[in-house]
Amino acid sequence: MRYFISDNCRRRCSTPYYMLCGLPLSSLKGVTGATGIGSTGATGPTGPTGATGSTGPTGATGATGPTGPTGAIGATGPTGATGPTGATGATGPTGATGVTGTTGPSGATGATGPTGPTGPTGATGVTGATGPTGPTGATGPTGEDGQAATISIGNVTTGDPGTQASVTNTGTLNKAILDFVIPQGPTGPTGATGATGITGPSGATGPTGATGATGTTGPSGPTGATGEDGQAATISIGNVTTGDPGTQASVTNTGTLNKAILDFVIPQGPTGPTGATGATGITGPSGATGPTGATGATGTTGPSGPTGPSGATGPTGATGPRGATGSDGATGATGSTLSEYAGLYNASAQQITPSSSSPVGLTLDAAMPVSTMTAASNKINVTNTGTYRIFYSVNATSKQSGEVKPYVRVNNTAIEHSAVNGIFDNERTSFSSEKTAYPKDFQNSVIADLNAGDKIDLCVEFPNATTYPSFVLNIAAKRALLHVVRLR
């Protein structure tokens, strides 16, 4: 992940506005199995360097000889056909890592000989044919996609002088929305200029150490096993520090790519106007100047020795074996399922006449599928204490006008917010006693904490029943149901 700070966008206020631009984290995926690679052939030994000759007088520069013609480049040999990919065998154990061979001693540096005349450029040798390409290793399994994380800017507010700068994430870990509070800088007095210290003598330059010889390249190790699936990336706020006025704002990730911890440095506001100049302090005495060291004599330049022959290039190593396939990741935990539920509905029709003294229980004489709980005699019985979702539905008709209020009871006590009021206003329509009854639906769902042994039923109440004594409520078969399921 990379972060950029830009001050190209500014608000119209006295405090600079720095905008944090975050590149969104791309979805993390599991590591793809590595393709087997061959080991690199050993590099041939370096030829000895000629001995250094004595320094002779510099001769006149001879004429440059003509450049010889460039030889023709040999034709590239044909690429061998790629063999078919073999079937993936069973996953074997990962072999132990081989011991790294010791580095051979470097040859002694020969003395530099005198520089010989420049010979003509030789013809370019023919390029050898390219060997056939080895088979491609099997691709490891692709890990599951991680969750993408993004950063966006929320509110940017100017704080009072002397307060602390702050950054608050008002979003989520994977979709951060950062609100900034940047304090205005106080007007500070101008400090007095300190005295100039004594300049010390320069130390002598030490000799340059000899360059060590380059060791030979060891063989490539075996390909590692495929890693586990990547984890979802998260972002959290670390330290928020107030920087000096005029410095650049910065954001540093002190965590990892998958668990970023962002440290912010937000500069203080601009410095206020310069205060009055104080009295000039006493100038301290100048330090004594150290003696200048004597310059050493320049040594004579020795002649360049002849260039030693280039060592022969070692042969290309054989293609290494294909890496072992990584083991499968552990199976995740099985998600929870509904384990406690029950339901009732009316298998036969029911006709209800209003009662002004008490609610009337509905006849729910047919059981729906049940688990752990029980359902009988128009009631659902709770087996275990927990939190439950209770749903009911009633489709009723009436040819007369009247008010109806169905609701759910627990142990004959109404559950709060489970009631639904409805009015059959048939006198304002063209319905009459000879015509089809006026239909109405009643549905509701509530969540309630229930105890073991509680009994749940569905009833209907008739508010103001005395004002419509001839009212009759009709519920057809399979038009009323009550269902309860445990949530936790």
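**Largest nonpolar core**

I started with the largest nonpolar core of this predicted model. It holds 35 residues. I asked which of them touch the most other members. My list came out as I390, V394, I456, F462, L473 and L482.

Next I looked up the strands that feed this core. At least two residues each come from strand 9 (341-345), strand 15 (386-398), strand 16 (402-410), strand 19 (438-450), strand 20 (455-461), strand 21 (473-475) and strand 22 (480-486). Which strand gives the largest share? Strand 15 does, with 5 residues.

I also noted another core lying apart from this one, with 14 residues. Among them are V167, A176, L178 and V251.

**Strand 20 and its partners**

I wanted a closer look at strand 20, one of the contributors to the largest core. Is it mostly covered or mostly open? Mostly covered: I find 5 of its 7 residues buried, and for my own bookkeeping that means under 20% relative accessible area.

Then I went through its pairings. With strand 16 I get 6 bridges, and the two run antiparallel. Here K405 sits opposite E461 of strand 20. Strand 16, like strand 20, is on my list of strands supplying the largest core.

Strand 11 (residues 360-361) also runs antiparallel to strand 20, joined by 2 bridges. On that pairing I marked G361 facing C459.

Strand 14 (residues 379-381) pairs with strand 20 through 2 bridges, again in the antiparallel sense. What does I380 pair with in strand 20? Its bridge partner is I456, and I had already written I456 down among the core residues that touch the most other members.

**The sheet of strands 3, 5 and 4**

I moved on to a sheet of 3 strands. It is open, ordered 3-5-4, with mixed pairing. Why do strand 3 (150-159) and strand 4 (166-169) each have a side without a neighbour in the sheet? They stand at the edges with a single partner strand apiece, so one side of each is left free of a sheet neighbour. From one strand to the next I read an average twist of 20 degrees.

Within this sheet I checked strand 3 against strand 5 (residues 175-183): they run parallel and share 8 bridges. One pair I picked out is T158, whose bridge partner in strand 5 is I182.

Last, I set the 14-residue core beside this sheet. V167 belongs to that core, and its number falls in the range of strand 4 (166-169). A176 and L178 are in the core too, with numbers inside strand 5 (residues 175-183).

Note on methods. Residues numbered from 1 in each chain as written. Predicted model: local features only at pLDDT ≥ 70, side-chain atom pairs only at ≥ 80, totals over all residues. Heavy atoms only, no water. Core = buried A, V, L, I, M, F, W, Y, C linked by side-chain atoms within 4.5 Å. Buried < 20%, exposed > 50% of the residue type's maximum accessible area, 1.4 Å probe, protein only. Helix = DSSP H or I, 4+ residues; strand = E, 2+ residues; numbered from the N terminus. Pairing = 2+ DSSP bridges. Axes fitted to C-alpha atoms, helices over the stretch in contact; angles between N-to-C directions.
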